[in-house]
Amino acid sequence: MIIRVATEVVLDKLYDYAVPVALVPKIKPGLRVRVPLGSRVVDAYVVEVLEGGGSDESELPLFSGKPAEQSTGRQYKLRYINAISDEIPFVSENLLKLVQWMADYYCAPFEQSLRCILPAAVRSKSMRSKEQIYVEIQQGDFKLTKRQSELFTEIKRVGGGWLSFLTREFSCAPGTIRNLEKSGAVKIELRQVWRDPLANRKVLPTRPMELMPEQSAALKSISALIDQSANGEKTAPILLHGVTGSGKTEVYLQAIAKVLEQGRGAIVLVPEIALTPQTVQRFAARFGKRIAVLHSALSEGERFDEWHRIRSGKADVVIGPRSALFAPVRNPGLIVVDEEHEPSYKQDETPRYHARDVAVVRGVMEGCVVVLGTATPSMESWNNVQSGKYNHVALTKRVSDRPMPDVYIVDMRIEAASARHAQIFSAPLMEAIKLRLERGEQTILFLNRRGFSNSLQCPECGHVAECQECNVAYTYHQSDSCLRCHICGGWKHVPATCSECGEPVLKYAGYGTQRVETALRKCFSQARVLRMDADVTTRKSSHDELLTIFRTKQADILIGTQMIAKGLDFPNVTLVGVLNADISLHMPDIRASERTWQLLAQVSGRAGRADLPGEVFIQTYSPEHPSIRVAGGFESFETLAERELKERREWCYPPFTHLVCLIFRGKSEQKTALAAKCYADALKKGSPSVIVSDAAPAPLPKARGFYRYQILMRSPSTMKMVKILRALMACQSPGEAVRMSIDVDAVNMM
Ligand code: ADP
Ligand code: ZN
């Protein structure tokens with residue numbers, strides 16, 4: 001028998017090995033095995049069983065010690081694997097298929113894709129389950145001294161326990177307890193300790209709520225799909241389109257309960273920033289110890305234990321950010337992707353997968369139902385609903401008829417004119433903040449800023465310079481003072497005057513959260529102000545700490561970046577101010593409009609969550625822009641989405657094409673630029689159905705001492721682009737000292 005394996009040590013190459021006859025019956029895909037590699041013995045995973053016989057010669061032109069694809073047409077004697085490490089496959093066959101799919105689709109090495117499925121804690125040699133000495137009470141009559149008898153009674157009273165705990169509790173030496181074992185009163189043994197990430201949480205169990213009519217209807221649709229999939233029928237994903245506060249989570253919870261009843265498991269994905277203790281609490285309160293949490297803040301030991309609890313079936317509901325999608329849940333019946341439109345589902349290192357898209361693929365492979373939940377669907381998912389590929393169910397009302405907040409659009413051009421200068425707070429917003437301070441209610445002020453991307457906006461009329469070819473904002477590059485388009489690679493010099501109003505153009509002078517804080521303290525000296533952005537939340541716990549301060553009303557105003565936009569539920573917040581909606585509107589990004597309305601809807605959703613009604617003020621220089629109008633309720637989501645999709649189709653943008661972004665990085669600007677240019681020229685010869693941009697400096701042209709150049713490819717078929725790219729890479733390296741990274745379905749172009 002010959003097997004093809006992925007080793008732990010070599011990145012993108014698979015190797016073939018022979019299997020000793022004695023081990024043949026046990027070999028299955030996904031098993032972990034020990035194999036010789038050079039002079040070492042390493043761990044490897046069986047990817048494929050190539051042939052069933054007992055031969056130790058490969059018919060295939062392959063040989064071990066050299067990669068599988070290095071074919072020479074000759075027969076080679078294969079080396080034998082040394083041993084099988086586990087009895088049950090470490091990776092399920094379905095997950096193995098998923099790894100292969102990711103490697104192919106995202107143009108990533110197989111081994112690196114495999115790493116998504118096997119976290120470092122699980123692969124690590126040194127990581128073991130943790131064991132401690134446990135003291136178990138025995139029944140019967142024992143010969144004990146008076147002192148021993150007293151101690152035994154005490155231990156009996158607490159029902160036995162860890163040795164370390166008992167010695168502390170009853171102030172005795174370990175030897176004293178061990179002596180009890182000699183007389184048979186207790187049994188002492190090593191037992192596994194579960195490093196439980198939720199150990200210190202007090203969780204009060206909750207029961208399913210009685211659903212609102214829309215929630216019931218949604219659950220019914222999802223349940224029908226669950227039943228279909230239980231019968232082995234194929235099901236299409238379902239988009240649960242519910243406004244903020246409409247009770248989507250309760251629908252998830254009850255749908256999960258249903259799959260658990262059928263003996264199947266569930267995975268719930270949430271964006272990393274939304275994975276707050278609050279969210280985890282809601283799931284733990286319903287499903288108790290069946291919950292496993294997987295996220296980046298776990299210790300390696302916790303991660304190891306959670307992973308094995310899932311694999312062994314002890315935990316069958318997994319909640320976590322994108323990586324939790326790969327949890328080894330046995331027989332999953334449901335995958336929920338909450339906030340499916342969130343760009344943070346895209347991984348920004350190899351493999352650059354999109355968890356929502358891979359969730360749909362895993363759903364197909366496992367034959368399970370996929371629910372995509374959101375208040376503001378991505379254009380990808382919405383288009384799939386429109387074309388009938390996805391099911392759709394809507395929640396249009398907030399729970400208990402709580403009203404949506406009142407949204408006011410503030411035209412900053414008028415404000416600027418009346419104040420004779422551009423400013424941070426408009427008069428109506430100032431007034432509203434003052435009112436909240438008087439009433440003892442809370443305010444959130446929101447400012448989205450990505451430092452390096454600068455568009456050129458006229459401070460008089462608000463006009464933003466755009467590339468006429470591509471319909472996206474130009475990015476201002478300071479180094480050579482020109483405007484660049486990041487879609488086609490075109491550029492022009494900064495104009496002297498605004499093309500709309502003729503005023504002299506200035507680079508838009510933005511401000512950050514820090515300046516907002518200073519200005520706020522000046523205007524409202526009595527207010528307690530809290531700022532939350534990447535600068536102040538670098539410590540692991542500071543994020544939670546700041547939120548606790550705000551929740552417990554020890555602060556009046558919270559200023560923050562997109563970090564505060566999602567998932568948070570503060571009953572006392574009645575005012576939300578968006579200081580400059582234009583920042584995201586004029587990102588040099590084809591999804592700028594989409595991002596803006598998603599952001600505004602999410603931020604607005606923070607106001608008036610409980611009994612107090614909420615107000616939202618959106619400050620903007622572009623009040624007539626559809627994305628702003630829809631936030632103000634002047635336009636429906638459906639109309640907006642229809643127009644956006646029409647535009648995207650015209651411009652050949654996603655979801656009508658896929659985008660592949662190639663980034664070239666190098667210490668030498670000249671070499672990097674040249675490498676990118678050579679690749680762009682070669683790729684342009686690939687296929688008429690693939691649009692290839694010119695090579696150009698990336699929006700972030702230099703980072704950590706490396707120059708960055710980019711090429712964008714667009715085509716309705718990802719596979720076509722990947723094929724052209726692979727063919728090129730096989731015969732032409734990006735060049736000396738230049739590294740290339742490939743981002744398939746890029747969402748953040750930097
Ligand atoms: P979403 O996820 O759609 O923003 P949530 O699931 O957070 O909304 O629900 C908003 C609030 O409404 C929560 O406090 C939740 O406990 C409550 N809620 C949800 N469903 C019901 C229901 N059927 N009856 C009463 N309260 C509900
Ligand atoms: Zn352009």
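Okay, a definition to begin with: four donors around a metal count as tetrahedral if all the angles lie between 85 and 135 degrees. Keep that in mind for the zinc. And a reminder before we go on, what we have here is a predicted model.

So, the zinc ion, ligand 2. Which residues hold it? Four cysteines coordinate the ion: Cys467, Cys470, Cys485 and Cys488, each through SG, at 2.3 to 2.4 Å. The angles among those four donor atoms run from 99 to 120°, so with every one of them inside the 85 to 135 degree window, the site comes out tetrahedral. If you look along the chain, the donors of this zinc ion follow the spacing C-x2-C-x14-C-x2-C.

Now take the second pair of cysteines. Buried or exposed, what is cysteine 485? Buried, with a relative accessible area of 1%. Cysteine 488 is partly exposed, with 23%, and the cut-off for buried is under 20%.

While you're zoomed in there, have a look at asparagine 471. Asparagine 471 sits in the loop between E19 and strand E20, which is 475-477. Its phi is positive, about 65°, although asparagine 471 is not a glycine. That deserves a second look, because most residues other than glycine have a negative phi. As for accessibility, asparagine 471 is at 27%, so it counts as partly exposed.

Let's move to the helices, H4 to start with. H4 covers residues 146-158, 13 residues, and reaches 19 Å from its first C-alpha to its last, close to the 18 Å expected at 1.5 Å a residue. Which residues of H4 are buried? Gln148, Leu151, Phe152 and Ile155. They sit on the same side of H4, because the arc they cover around the axis is only 105°. And that's the pattern you'd look for in a helix: with 3.6 residues a turn, residues three or four places apart point the same way. Turn H4 over, and the face away from the buried side carries exposed residues, Lys146 and Arg157.

What covers the buried side of H4? The cover includes two strands, E8 at 130-137 and E10 at 186-193, plus two helices, H5 at 163-169 and H6 at 174-182. Just after H4 comes glycine 159, with a positive phi of about 75°.

Next, H16, residues 542-551. Its buried residues are Ser542, His543, Leu546, Leu547 and Phe550. Again they share one side of the helix, H16 this time, since they cover an arc of only 135° around the axis. Covering them we have, among others, strand E19 at 442-446, strand E23 at 529-532, strand E24 at 557-560, and E25. After H16 you run into lysine 553, whose phi is positive, near 60°.

E25 takes us to the strands. Strand E26, residues 615-620, is mostly covered, with five of its six residues buried. Which strands pair with E26? One is E18, residues 406-411, in the parallel sense over six bridges. Another is E25, residues 573-578, also parallel, over four bridges. To place these pairings on the screen, find valine 410, whose bridge partner in E26 is glutamine 619. Then find valine 578, standing opposite isoleucine 618 in E26.

Last part: the odd spots in the loops. Where are the cis peptide bonds I'd like you to see? One joins threonine 350 and proline 351, with omega about -10°. Proline 351 is in the loop between strand E15, 332-338, and helix H11, 355-366. Another joins proline 654 and proline 655, with omega about 10°. Proline 655 is in the loop between helix H20, 637-650, and strand E27, 658-666. In general, most peptide bonds are trans.

Stay in the loop between H20 and E27, because cysteine 652 has its place there too. Cysteine 652 has a phi near 55°, a positive value in a residue other than glycine. At 31% relative accessibility, cysteine 652 counts as partly exposed.

And one more loop residue, lysine 685, between helix H21, 669-684, and strand E28, 691-692. Buried or exposed? Lysine 685 counts as exposed, at 72% relative accessibility. Lysine 685 is also 9.4 Å from isoleucine 724, C-alpha to C-alpha, with their positions 39 residues apart in sequence counted as separation.

That's my tour. Over to you.

Terms used. Residues numbered from 1 in each chain as written. Chains lettered and ligands numbered in written order. Predicted model: local features only at pLDDT ≥ 70, side-chain atom pairs only at ≥ 80, totals over all residues. Heavy atoms only, no water. Expected span 1.5 Å × (residues − 1). Buried < 20%, exposed > 50% of the residue type's maximum accessible area, 1.4 Å probe, protein only. Arc of directions from axis to C-beta. Contact = heavy atoms within 4.5 Å. Pairing = 2+ DSSP bridges. Donors = N, O, S within 2.8 Å, 3.2 Å for Na, K, Ca; no water. Tetrahedral: all angles 85-135°; square planar, octahedral: opposite > 155°, others 65-115°.
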